[in-house]
Amino acid sequence: MNFDTLIATAQTFYTRLAANNTRDWWLAHKDTYDTGLNRPALALLDALVGPLSDLAWAPVVPRLFRPNRDVRFSKDKSPYNTHLHMMWTVQAGGRQDPAFFFGIAPDYVTAGGGIMGFDKPMLDDWRTFVGLDVKRVGPVLTGAVAQGFGFWDPELKKVPAPYPADHPLGEFLRMKRCVGSRDIGVGARLPDDLMTTFRAFAPVIDLLQTISRA
């Protein structure tokens, strides 16, 4: 399948949806979603299963996020997401599996990966690795930043005990998750530019796999 129009089609579709986020509008334009977004997105997910499995040295499971929003606990009752998000979860046999992410919205086209939230054992091991093995972990995390990846802001304001406040990786010790991404541009060539970004982020995925299996 030709993916050349996926980004442009998605950005146009979601810009219009954001301006009229109703069930009536969605049903009137569902054919555009089905043929211009859903079908090529599923094909892209399938096309990268093999390359990403080779990159991660483990099987990956693809997932396209559903268009409907979960509004049960939200004040915003808009029924549909205004973005197209997909991921490939690495089945590495650890406690928590990292994933590669790709997202398109009216104002971004980004790719990256990570773990959306650490459970308690994973958080403890994350802090141990980051806090005590700076020479090994530091180049992986700072290397990703140097290649243009931005990590989600830390949840904690202070570096947790017993690590010093001036720890060289203090920003990462303050995290309760590890998710990084970078802009790949509206003119990105799919899937080539996507795989280039995933290869650049692969050391972080490898680190998370190692910690998850510790």
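Helices (H or I, at least four residues) and strands (E, at least two) are DSSP runs, numbered from the N terminus. The model is predicted, so local features need pLDDT of at least 70 and side-chain atom pairs count only at pLDDT 80 or more, while totals for chains, interfaces and linings use all residues. Residues are numbered from 1 along each chain as its sequence is written, and side-chain values use heavy atoms, with hydrogens and water left out.

**Exercise 1.** Locate Trp57 and state whether this residue is buried or exposed.

Solution. Trp57 belongs to the loop between helix 4 (49-56) and strand 1 (60-64). Buried means under 20% relative accessible area, exposed over 50%, and partly exposed in between (1.4 Å probe, protein chains only). With 80% relative accessibility, Trp57 therefore counts as exposed. The backbone adds a further detail, in that phi of Trp57 is near 55°, a positive value in a residue other than glycine. Most residues other than glycine have a negative phi, and most peptide bonds are trans.

**Exercise 2.** Identify the cis peptide bonds that precede Pro162 and Pro191, and place each proline.

Solution. The bond from Ala161 to Pro162 is cis, with omega near 10°, and Pro162 is in the loop between strand 5 and helix 7 (170-173). Leu190 and Pro191 are likewise joined by a cis peptide bond, where omega is about 5°, and Pro191 is in the loop between strand 6 (178-183) and helix 8.

**Exercise 3.** Classify the ring pair of Phe149 and Phe201, and explain why this pair ties together separate parts of the chain.

Solution. Rings of Phe, Tyr and Trp (its six-membered ring) pair if their centres lie within 6.5 Å; planes under 30 degrees apart count as stacked, over 60 as edge-to-face and the rest as tilted. By this rule the count comes to 12 aromatic pairs. For Phe149 and Phe201 the centres are 4.9 Å apart and the planes are at 50°, a tilted pair. Phe149 lies in the loop between helix 6 (134-146) and strand 5 (150-151) and Phe201 in helix 8 (residues 192-212), so the pair ties together parts 52 residues apart in sequence. Both Phe149 and Phe201 are buried.

**Exercise 4.** Work out how the rings of Phe151 and Phe201 are arranged, and whether Phe151 is buried or exposed.

Solution. The ring centres of Phe151 and Phe201 are 6.2 Å apart and the planes are at 40°, so this pair is tilted. Phe151 in strand 5 and Phe201 in helix 8 are 50 residues apart, and their pair links distant parts of the chain. Phe151 has a relative accessible area of 11% and is therefore buried.
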